[in-house]
Amino acid sequence: FQLLEFALKAYIGRAYSVIKKSVGETVHFGYSAKDVEEFPLERLVNIFSKLNTNKELLSRLNKLRVERNHIAHRSLIVTMGSMYDPGAIEDKYVEYFWLEDELTECLHLVIEEARSLKKRSQSVG
């Protein structure tokens, strides 16, 4: 998930740079990549959704975000203390295996979107 966050931050930073160049002095645009450095996945996906029109990718990222939150909040419950449940962990294995594949695919798609943005932005400035 950290790699996905990094890719989203890079895309958003580039998009902010393109916007800044595009508007020039017409309107002040003070956003930069630095503004999103500490943002969690949910905020990054929300910002990305305002800067990108790939609806299928956005849908997949939102599903990943929900799954990531579920893992982060549920994992401690089923792996520690009195709630420890080895059966629940085994049941989730297949689901997490799928999640890893989906995460990898989405990471590649965000990188492709960033490459596409880079190509388009070269005509701007």
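These exercises, each with a worked solution, walk you through a predicted model of one protein chain.

## Exercise 1: Get your bearings

**Task.** Find out how many helices and strands the protein chain has, and in what order the elements run.

**Solution.**
- Start with the count: the chain has four helices and zero strands.
- Next, read from the N terminus, where the order is α-α-α-α.
- Now place the helices on the sequence. Helix 1 covers residues 2-23 and helix 2 covers residues 41-51. Helix 3 spans residues 55-79, and helix 4 spans residues 86-122.

## Exercise 2: Look at the chain as a whole

**Task.** Work out what percentage of the residues is buried, and what share of the contacts with a separation of 6 or more joins residues 24 or more positions apart.

**Solution.**
- Of the 125 residues in the chain, 30% are buried.
- Turn to the contacts between residues with a separation of 6 or more: 74% of them join residues 24 or more positions apart.
- To round off the overview, the accessible surface is about 8600 Å², and carbon and sulfur atoms hold 56% of that area.

## Exercise 3: Explore the nonpolar core

**Task.** Determine how many residues the largest nonpolar core has and which helix supplies the largest share of it.

**Solution.**
- A helpful background idea is that nonpolar side chains tend to be buried together in soluble globular proteins.
- Here the largest nonpolar core has 27 residues. Those with the most contacts inside this core are Leu4, Leu8, Val36, Phe48, Leu61 and Val110.
- Check where the core residues come from: helix 1, helix 2, helix 3 and helix 4 each supply at least two. Helix 1 gives the largest share, with eight residues.
- Finally, zoom in on Leu61. Apart from neighbours within four places in sequence, Leu61 touches Leu4, Leu8, Val45, Phe48, Cys106 and Val110.

## Exercise 4: Pair up the rings

**Task.** Decide whether the ring pair Tyr11 and Phe48 is stacked or edge-to-face, then do the like for Tyr16 and Phe29.

**Solution.**
- There are four aromatic pairs in the model.
- For Tyr11 and Phe48, the ring centres are 4.8 Å apart and the planes meet at 70°. Planes over 60 degrees apart count as edge-to-face, and that is what this pair is.
- Tyr11 belongs to helix 1 and Phe48 to helix 2, so this pair ties together parts 37 residues apart in sequence. Both residues of the pair, Tyr11 and Phe48, are buried.
- For Tyr16 and Phe29, the centres are 5.7 Å apart and the planes stand at 70°, so this pair is edge-to-face.
- Tyr16 lies in helix 1, while Phe29 sits in the loop between helix 1 and helix 2, so the pair connects parts that are 13 residues apart. Tyr16 and Phe29 are both buried.
- Add Tyr31 to your view: Tyr16, Phe29 and Tyr31 make up one aromatic cluster.
- One more ring deserves a look. The charged end of Arg43 sits over the ring of Phe39, 3.8 Å from the ring centre.

## Exercise 5: Follow the charges

**Task.** Find which parts of the chain are linked by the salt bridges Glu42–Arg65 and Arg60–Glu102, and say which of these residues are buried or partly exposed.

**Solution.**
- Recall that side chains of opposite charge can pair when their charged atoms come close. The model has five salt bridges.
- In the pair Glu42 and Arg65, the closest N and O atoms are 3.7 Å apart. Glu42 is in helix 2 and Arg65 in helix 3, 23 residues apart.
- Buried means under 20% relative accessible area. At 16%, Arg65 is therefore buried, whereas Glu42, at 38%, is partly exposed.
- Arg60 and Glu102 meet at 2.7 Å, N to O. This salt bridge links helix 3 with helix 4, across 42 residues.
- Both Arg60 and Glu102 are buried; for Glu102 the relative accessibility is 12%.
- Leaving aside neighbours within four places in sequence, Glu102 is in contact with Arg60 and Leu64.
- Widen the view: Glu56, Arg60, Glu102 and Glu105 are linked in a network of salt bridges.

## Exercise 6: A bridge inside one helix

**Task.** Locate Arg115 and Glu112, and say how many residues apart they are.

**Solution.**
- Both residues, Arg115 and Glu112, lie in helix 4, three residues apart, about one turn of the helix.
- Their side chains form a salt bridge of 2.7 Å, N to O.
- Glu112 has a relative accessible area of 42% and is partly exposed.

Key
Residues numbered from 1 in each chain as written. Predicted model: local features only at pLDDT ≥ 70, side-chain atom pairs only at ≥ 80, totals over all residues. Heavy atoms only, no water. Buried < 20%, exposed > 50% of the residue type's maximum accessible area, 1.4 Å probe, protein only. Contact = heavy atoms within 4.5 Å. Areas by Shrake-Rupley, 256 points an atom, 1.4 Å probe, with all protein chains shown as cover. Phe/Tyr/Trp six-rings, centres within 6.5 Å; stacked < 30°, edge-to-face > 60°. Lys NZ or Arg CZ within 6 Å of the ring centre and 35° of its normal. Salt bridge = Lys/Arg side-chain N within 4 Å of Asp/Glu carboxyl O. Core = buried A, V, L, I, M, F, W, Y, C linked by side-chain atoms within 4.5 Å.
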